[in-house]
Amino acid sequence: MTDTRGQQPPYQMFGGEQPAPQQAGQPYHPPQAYPSPGGTQGGQQRPAQGSGAAVRKPRTGARTTPRTRKARLRVAKADPWSVMKVSFLLSIALGVCTVVAAAVLWMVMDAMGVFSTVGGTISEATGSNESNGFDLQSFLSLPRVLIFTSVIAVIDVVLATALATLGAFIYNLSAGFVGGVELTLAEDE
């Protein structure tokens with residue numbers, strides 16, 4: 001492509017500098033608006049400027065204390081599928097904690113002798129000359145307590161997951177009418 005504009009006057013750079021002539025075999029380096037820190041431009045050393053060189057100084061009166069940014073957000077919709085997954089995992093964790101807590105509580109009460117003391121009192125109260133009465137220790141054995149607690153934990157997992165999912169549907173319906181819950185979030189300082 002040829003230049004049809006004709007002879008053009010040489011352009012001047014900022015500060016009255018002329019562009020450095022391009023040497024044969026050297027890559028082209030475009031002029032830069034601000035001097036580079038090393039005093040080079042285009043790989044070539046520039047002549048040293050006087051003490052009046054433009055150095056960028058920080059603004060005076062700039063804020064030194066950080067500003068806390070706040071944002072007001074609105075929870076417009078809760079995805080029922082994600083609510084169901086999260087509530088399922090949380091209710092499983094709660095069920096495991098319930099089974100472990102029941103086992104630990106039973107072991108502590110057994111070590112303290114609660115079952116033998118209360119069991120002796122109940123067998124004396126319910127016993128007669130022919131029978132020994134109700135045996136509380138065999139009724140409240142550790143395997144029975146853990147099976148009962150596990151059944152309660154499974155029922156809790158199913159009910160908590162279903163109720164949380166139903167709650168997400170109800171929230172979405174009510175958020176359609178009133179706009180949802182508004183939250184104000186702020187950054188840590």
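Which backbone oxygen does the side chain of serine 91 reach? Keep that in mind as you open this predicted model, and let's walk through it together.

**Stop 1: serine 91.** Select serine 91, which you will find in helix H1. Show its side chain and follow it to the backbone oxygen of phenylalanine 88, at 2.9 Å. Now switch on the molecular surface: is serine 91 buried or exposed? Its relative accessibility is 3%, so serine 91 counts as buried, the cut-off being under 20%. To see what lies around serine 91, select Asp156, Val157, Ala160 and Thr161; serine 91 touches these residues, with those up to four places away in sequence not counted.

**Stop 2: threonine 165.** Next, colour helix H4, residues 142-178, and pick out threonine 165 within it. Threonine 165 has a relative accessible area of 14% and is therefore buried, as the value is under 20%. Which residues is threonine 165 in contact with, leaving aside its neighbours within four places in sequence? Add Pro80, Val83 and Met84 to your selection and you have them.

**Stop 3: methionine 112 and the patch.** Go back to helix H1, which spans residues 80-112, and select methionine 112. Here the relative accessible area is 62%, so methionine 112 is exposed, being over the 50% cut-off. Keep methionine 112 selected and add Phe88, Leu89, Ile92, Val96, Val100, Val104 and Val108: with Met112, these residues make a nonpolar surface patch of about 740 Å². Phe88 may look familiar: its backbone oxygen is the one that the side chain of serine 91 reaches, and Phe88 is also one of the residues that make the patch.

Methods
Residues are numbered from 1 along each chain as its sequence is written. This is a predicted model: local features need pLDDT of at least 70, side-chain atom pairs count only at pLDDT 80 or more; totals for chains, interfaces and linings use all residues. Side-chain values use heavy atoms; hydrogens and water are left out. Patches are made of residues with over 30% relative accessible area and no salt bridge: like charges are joined within 9 Å, nonpolar side chains (Val, Leu, Ile, Met, Phe, Trp, Tyr) within 5 Å. Accessible areas come from the Shrake-Rupley method with a 1.4 Å probe; for residues, only the protein chains shown count as cover. A salt bridge is a side-chain nitrogen of Lys or Arg within 4 Å of a carboxyl oxygen of Asp or Glu. Helices (H or I, at least four residues) and strands (E, at least two) are DSSP runs, numbered from the N terminus. Buried means under 20% relative accessible area, exposed over 50%, partly exposed in between (1.4 Å probe, protein chains only). A polar contact is a pair of N or O atoms within 3.5 Å; within protein, one must be able to donate a hydrogen and the other to accept it, and residues adjacent in sequence count only if both atoms are side-chain atoms. Contact means heavy atoms within 4.5 Å.
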